[in-house]
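Work through the exercises below with the model open. Try each task before reading its solution.

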Amino acid sequence: MRIWVDADACPGVVKEILYRAAERAQIPLTLVANQCLRVPASQWIRAVQVEKGFDVADKRIAAEVAPGDLVITAD
């Protein structure tokens with residue numbers, strides 16, 4: 001299981017909760033955004049930057065998500 005987040009519109013407080021949850025549960029967390037994101041140094045947390053454009057982050061997540069993964073998006 002992985003957690004995927006469309007981080008472009010994700011509030012900072014939600015990201016902080018997800019960082020703590022990923023560390024505590026040792027579940028890989030990937031934040032996808034069209035801007036550079038600063039994330040805590042962790043083997044469980046990574047950020048992926050995609051190009052700007054309509055639904056680019058959503059399309060990247062859709063291309064990589066697997067059954068059993070959790071996807072968080074405002075769309």
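**Exercise 1: K15 and its surroundings**

Leaving out neighbours within four places in sequence, K15 contacts A7, C10, L31 and L37. The model is a predicted one.

Task: Place K15 in the secondary structure, then find which side chain of opposite charge is nearest to K15.

Solution.
- Step 1. K15 belongs to helix α1.
- Step 2. K15 is buried. Buried stands for a relative accessible area under 20%.
- Step 3. The nearest side chain of opposite charge is that of D8, 7.7 Å away.
- Step 4. A salt bridge requires the charged atoms to be within 4 Å. K15 has no salt bridge.

**Exercise 2: A patch on the surface**

Task: Is V13 buried or exposed? State which residues make the nonpolar surface patch with V13.

Solution.
- Step 1. V13 sits in helix α1, which spans residues 12–25.
- Step 2. The relative accessible area of V13 is 58%. The threshold for exposed is over 50%, so V13 is exposed.
- Step 3. V14 and I17 join V13 in a nonpolar surface patch of about 240 Å².

**Exercise 3: The inner side of α2**

Task: List the buried residues of helix α2 and say which strands they pack against.

Solution.
- Step 1. Helix α2 covers residues 56–64.
- Step 2. Its buried residues are V56, A57, D58 and I61.
- Step 3. These buried residues pack against β1 (3–6), β2 (29–33) and β4 (70–72).

**Exercise 4: A buried acid in a loop**

Task: D69 is buried and has no salt bridge. Which polar partners does the side chain of D69 have?

Solution.
- Step 1. Locate D69 in the loop between α2 and β4.
- Step 2. Check for opposite charge. R2 is the nearest such side chain, 5.5 Å from D69. The salt-bridge limit is 4 Å.
- Step 3. Look at side chains. Those of D69 and W4 form a polar contact of 3.0 Å.
- Step 4. Look at the backbone. The nitrogen of A66 is 2.9 Å from a polar side-chain atom of D69.
- Step 5. Complete the surroundings. Not counting residues up to four places away in sequence, D69 touches M1, R2, W4 and E64.

**Exercise 5: The loop partner A66**

Task: What is the exposure class of A66, and how far apart are the C-alpha atoms of A66 and R2?

Solution.
- Step 1. A66 lies in the loop between α2 and β4.
- Step 2. Its relative accessibility is 36%, so A66 counts as partly exposed.
- Step 3. A66 and R2 are 64 residues apart along the chain. Their C-alpha atoms are separated by 8.3 Å.

Terms used:
Residues are numbered from 1 along each chain as its sequence is written. This is a predicted model: local features need pLDDT of at least 70, side-chain atom pairs count only at pLDDT 80 or more; totals for chains, interfaces and linings use all residues. Side-chain values use heavy atoms; hydrogens and water are left out. Patches are made of residues with over 30% relative accessible area and no salt bridge: like charges are joined within 9 Å, nonpolar side chains (Val, Leu, Ile, Met, Phe, Trp, Tyr) within 5 Å. Accessible areas come from the Shrake-Rupley method with a 1.4 Å probe; for residues, only the protein chains shown count as cover. Helices (H or I, at least four residues) and strands (E, at least two) are DSSP runs, numbered from the N terminus. Buried means under 20% relative accessible area, exposed over 50%, partly exposed in between (1.4 Å probe, protein chains only). Contact means heavy atoms within 4.5 Å. Lys and Arg count as positive and Asp and Glu as negative; His and the chain ends are not counted. A polar contact is a pair of N or O atoms within 3.5 Å; within protein, one must be able to donate a hydrogen and the other to accept it, and residues adjacent in sequence count only if both atoms are side-chain atoms.
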